[in-house]
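Open the model in your viewer and keep the selection panel at hand. The stops below go from the interior to the charged pairs, the rings and the cysteines.

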Amino acid sequence: MTSELLFGANVSMKAPKMFPGAVAEAQGYGATTLQFYTGAPQNTRRKPTSEMRIPEGLAAMQAAGLSHLVIHAPYIVNLGNTTKPDSFDFAVQFMQAEIQRADALHAYAMPFHPGAHVGAGAAAGIAQIAAGLNRILQPDQHVLVALETMAGKGTEVGRRFEELAEILDRVQNNDKLAITMDTCHMSDAGYSVRDDFDGVLNEFDHVIGLDRLAVVHVNDSKNPQGAHKDRHANIGAGYLGFDCLNAIAHHPQLTAVPKILETPYVGTDKKRMHAPYGVELGWLRSGRYEPAALTALAEE
């Protein structure tokens, strides 16, 4: 693997191994970058940073040649909710604390699902998300909060680049904001990721600016373009296909951007599922798609 290719995957950071365990997992996949949640993505229970073994993890990253640590915010936090003030206030407080955790971990970026307007309309959702970010973002923070492109299921905000651009425009400390592109989400939202990714990238550059792009989530999609479903598929097993995703992973305009896999675990026994990332990152490094390797892993 050449050092300039920032390829990684979403790994586990949990007790007792914590941060060093996440690094070891990523290293085992042959990754050069990594992403993890600071706790379960479905809840907001978090351990104090003093228990995360941060100095050991940072030393392990350096020894393994890993960089650009990505911390994903939990996806149940909804800054777009205008109908439940208590939920909105909790989301703001949680994200303030999550930024402190990410900075303690020396994280580079934090992908963040902007939120859902829960029936109030996209304009109201955008205004509420921006209001929340204006309370959350601080001029002295280091981590970039990277708003994620969304598939558009339900009342999600962020299905179009224009919605994300409007949030950026309304936030004061927006030098602390960036964007995460998700290939599955963009295709599900209606963008022609498979057939015209260069066109999608050009549109993104005109609406938002490529200098705002911090992370790319490289996922195949179980649904066709415009389905608004958000169901990830393994590389090559969905509607985008290996050739499309391999070209994105090696795209010359994205060389400096971490590419993170969030594809489904595989296995014939639901009690013994296997992470596909070692196999899939191997395909992307070599440019060769060998689905039999993933089938064999699933059957172990």
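Which residues does Leu 34 touch, not counting residues up to four places away in sequence? Select Leu 34 and display its surroundings: the contacts are Ala 9, Val 11, Ala 22, Val 23, Ala 26, Met 61, Leu 66, Ser 67, His 68, Leu 69, Val 70 and Ile 260. Bear in mind throughout that this is a predicted model.

**The nonpolar cores**

Leu 34 belongs to the largest nonpolar core, a set of 85 residues. Add Phe 36, Leu 69, Leu 79 and Leu 133 to the selection; together with Leu 34 they have the most contacts inside that core. Then colour helix α3, which gives the most to this core, with 7 residues. A second core, separate from the largest one, has 7 residues. Ala 109, Ala 178, Ala 214 and Val 215 are among them.

**Salt bridges**

Turn next to the charged side chains. Side chains of opposite charge can pair when their charged atoms come close. The structure holds 10 salt bridges.

Select Asp 89 and Arg 135, whose side chains form a salt bridge with an N to O distance of 3.2 Å. Asp 89 sits in helix α3 (residues 85-104) and Arg 135 in helix α4 (residues 122-136), so this pair ties together parts that are 46 residues apart in sequence. Both ends are partly exposed: Asp 89 has a relative accessible area of 30%, and Arg 135 has 37%.

Now select Glu 203 and Arg 160, another salt bridge, at 4.0 Å from N to O. Glu 203 is in helix α7 (residues 197-207), while Arg 160 is in the loop between β5 (144-148) and α5 (161-170); the two are 43 residues apart. Here too the partners are partly exposed, with Glu 203 at 29% and Arg 160 at 31% relative accessibility.

Move on to Glu 290, which forms a salt bridge with Arg 288, the closest N and O atoms lying 3.9 Å apart. Glu 290 is partly exposed, at 44% relative accessibility. After that, show Arg 46, Glu 98 and Arg 101 as sticks: salt bridges with shared partners join them into one network.

**Rings**

Keep Arg 101 selected and add Phe 94. Arg 101 lies over the face of Phe 94, at 5.2 Å from the ring centre.

How many aromatic pairs does a search of the whole structure find? The count is 9. For one pair, select Phe 242 and Tyr 289: the ring centres are 5.2 Å apart and the planes are at 10°, so the pair is stacked. Phe 242 is in helix α8 (residues 242-249) and Tyr 289 in the loop between α9 (277-286) and α10 (291-298), 47 residues apart. Is each ring residue buried or partly exposed? Phe 242 is buried, with a relative accessible area of 7%, whereas Tyr 289 is partly exposed at 33%. Then select Tyr 29, Tyr 265 and Tyr 277, which form one aromatic cluster.

**Cysteines**

Finish with Cys 184 and Cys 244. Why is Cys 184 not bonded to Cys 244? The sulfur of Cys 184 has its closest cysteine sulfur in Cys 244, 11 Å away, which is too far for a bond. The count of disulfides is 0. Cys 184 is buried, at 0% relative accessibility, and Cys 244 is buried as well, at 11%.

Terms used. Residues are numbered from 1 along each chain as its sequence is written. This is a predicted model: local features need pLDDT of at least 70, side-chain atom pairs count only at pLDDT 80 or more; totals for chains, interfaces and linings use all residues. Side-chain values use heavy atoms; hydrogens and water are left out. Helices (H or I, at least four residues) and strands (E, at least two) are DSSP runs, numbered from the N terminus. Buried means under 20% relative accessible area, exposed over 50%, partly exposed in between (1.4 Å probe, protein chains only). A nonpolar core is a set of buried Ala, Val, Leu, Ile, Met, Phe, Trp, Tyr and Cys residues joined through side-chain atoms within 4.5 Å. Contact means heavy atoms within 4.5 Å. Rings of Phe, Tyr and Trp (its six-membered ring) pair if their centres lie within 6.5 Å; planes under 30 degrees apart count as stacked, over 60 as edge-to-face and the rest as tilted. A charge sits over a ring if NZ of Lys or CZ of Arg is within 6 Å of the ring centre and within 35 degrees of the ring normal. A disulfide is a pair of cysteine sulfur atoms within 2.5 Å.
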